[in-house]
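Hi,

Here is the structure I promised to pass on. Have a look at it first, and my notes follow underneath.

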Amino acid sequence: MQTKNKSTVLELIKSKVSLAPMAGLTDYVLRSMVRQYCPDCLLTTEMISSEFLNQNRNQNEILKLNPDHHPIAYQICGHKPYLMQKAAIQLSEYADIIDINMGCPVRKVVGGNDGSALMRNVELAKEIVIAVKEGTTKPVSVKFRLGFSQDEMNYVEFGQAMQQAGAELITLHARTRSQMYSGSADWAKIKDLKNNVDIPVFANGDIKSVEDAKKCFEQSNADGIAIGRGILGDPTLIGRVSEYLKTGKMLPAPTPIQKLQMMKEHLNREIELRGERVGVKFFRKLYPFYISSIPNAVKMRAVLVLENDYKKVCEYIKEIENQVKTYTV
Ligand SMILES: Cc1cc2nc3c(=O)[nH]c(=O)nc-3n(C[C@H](O)[C@H](O)[C@H](O)COP(=O)(O)O)c2cc1C
């Protein structure tokens, strides 16, 4: 049974790389851009609350799917098995995989007994997986952390419990909840989990380059990797990792000028999706990633994040481009 599921789920993710979900960031546009550079990685939506599904004003944007986005996982979040099942039923129309969030460390989420709070309630976590599986014929995956705190590192037992409940894939972000995003991801611990379950394990945390991906595979022996923050400012990263895994070729990272071009494309696509006023505002959180390697980035960022006028933003990006060209020619 597990062997059959193992091959089914890995057949879906041919490139062995997935986009890690990031609330407010891995939207339709960023998913499309990652897909542009990697035709076969697994994309993932940001988490969708099972409590607020059908009530949230931004829902259409979160659920929006392009046929090119397959294979794609839709991630759900919550702690009430019947609501999680309802969400799985609804999202199965779009998703190739239903992913369950059991790793989110944010206080509001944990306070509501969702996300990584479920690592302290293994029985409930199992009930959720069972309920979700009853609501979908699609493979079900679970994403979690090493444990709630340094003293509660139950990732092996938790992974085994998820497998027993029927999960077909697990992604481990190798930090505890208490760490939030501090310190570094402990990839060796992923190997521990891998050695103690039969279902595929994806490694996650701190993969910011093709070299990191290589090291992470070596240290974790994982079946695949999930990349989140590394694609911010560089939507080519997953494609470059995938190319390395297939051919051994390490393609160069984009130059500052290429990053500026991707930034403009990303901005324009957000505007297409959200309209000019909202799109420009939404993009404030994304400028810093694209310009971080340019001298004077801090000053440039300060100008960009205060500018609401699309034309002025474009003029300023042109200025930055001209400046970068003076030192790269
Ligand atoms: C802004 C932000 C939002 C995130 N949102 C989610 C989410 O919705 N669901 C989830 O499972 N993880 C979420 N994460 C965690 C990431 O998926 C990932 O586990 C974490 O960032 C570590 O991987 P990385 O170093 O490749 O980014 C989020 C992370 C960040 C920085």
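Starting with the ligand: one of its oxygen atoms has a polar side-chain atom of Asn204 at 2.5 Å. Keep in mind throughout that this is a predicted model, so everything here is computed from predicted coordinates.

Two further polar contacts to the ligand are worth a click. The side chain of Lys143 puts an N or O atom 2.8 Å from a ligand oxygen. With Gly228 the backbone does the job: an N or O atom there lies 2.8 Å from an oxygen atom of the ligand. As for how covered the ligand is, on its own it would expose 600 Å², and the protein buries 88% of that.

If you want to display the whole shell, you'll need 17 residues around the ligand. Asn204 turns up again among the closest, together with Pro21, Gln75, Asp206 and Arg229. Sorted by class, the shell comes out as eight nonpolar, six polar and three charged residues.

Now the domains. The protein splits into domain 1, residues 2–247, and domain 2, residues 256–328. Their C-alpha centres sit 30 Å apart, and the contact draws 17 residues from domain 1 and 13 residues from domain 2. The ligand neighbours I named above, from Pro21 to Arg229, have numbers that fall in the domain 1 range.

How much area do domain 1 and domain 2 bury between them? About 1,300 Å², with 66% of it on carbon and sulfur atoms. On the domain 1 side, look at Val29, Met33 and Gly233: these supply 36% of the area that domain 1 buries against domain 2, more than any other three residues.

There is a polar side to this interface too. Four residue pairs are in polar contact between the two domains, counting pairs with both residues at pLDDT 80 or more. The rule also finds two salt bridges across the interface. For a salt bridge to put on screen, try Glu61 and Arg274, whose side chains meet at 3.6 Å, N to O. By numbering, Glu61 belongs to domain 1 and Arg274 to domain 2.

That's what I have for now.

Cheers

Note on methods. Residues are numbered from 1 along each chain as its sequence is written. This is a predicted model: local features need pLDDT of at least 70, side-chain atom pairs count only at pLDDT 80 or more; totals for chains, interfaces and linings use all residues. Side-chain values use heavy atoms; hydrogens and water are left out. A residue is near a molecule or strand if one of its heavy atoms lies within 4 Å of it. A polar contact is a pair of N or O atoms within 3.5 Å; within protein, one must be able to donate a hydrogen and the other to accept it, and residues adjacent in sequence count only if both atoms are side-chain atoms. Accessible areas come from the Shrake-Rupley method with a 1.4 Å probe; for residues, only the protein chains shown count as cover. Ala, Val, Leu, Ile, Met, Phe, Trp, Tyr, Cys and Pro count as nonpolar, Asp, Glu, Lys and Arg as charged, and the others, Gly among them, as polar. Domain bounds come from an automatic or database domain assignment. Contact means heavy atoms within 4.5 Å. Buried area is the accessible area (1.4 Å probe) that two parts lose on being put together, summed over both. A salt bridge is a side-chain nitrogen of Lys or Arg within 4 Å of a carboxyl oxygen of Asp or Glu.
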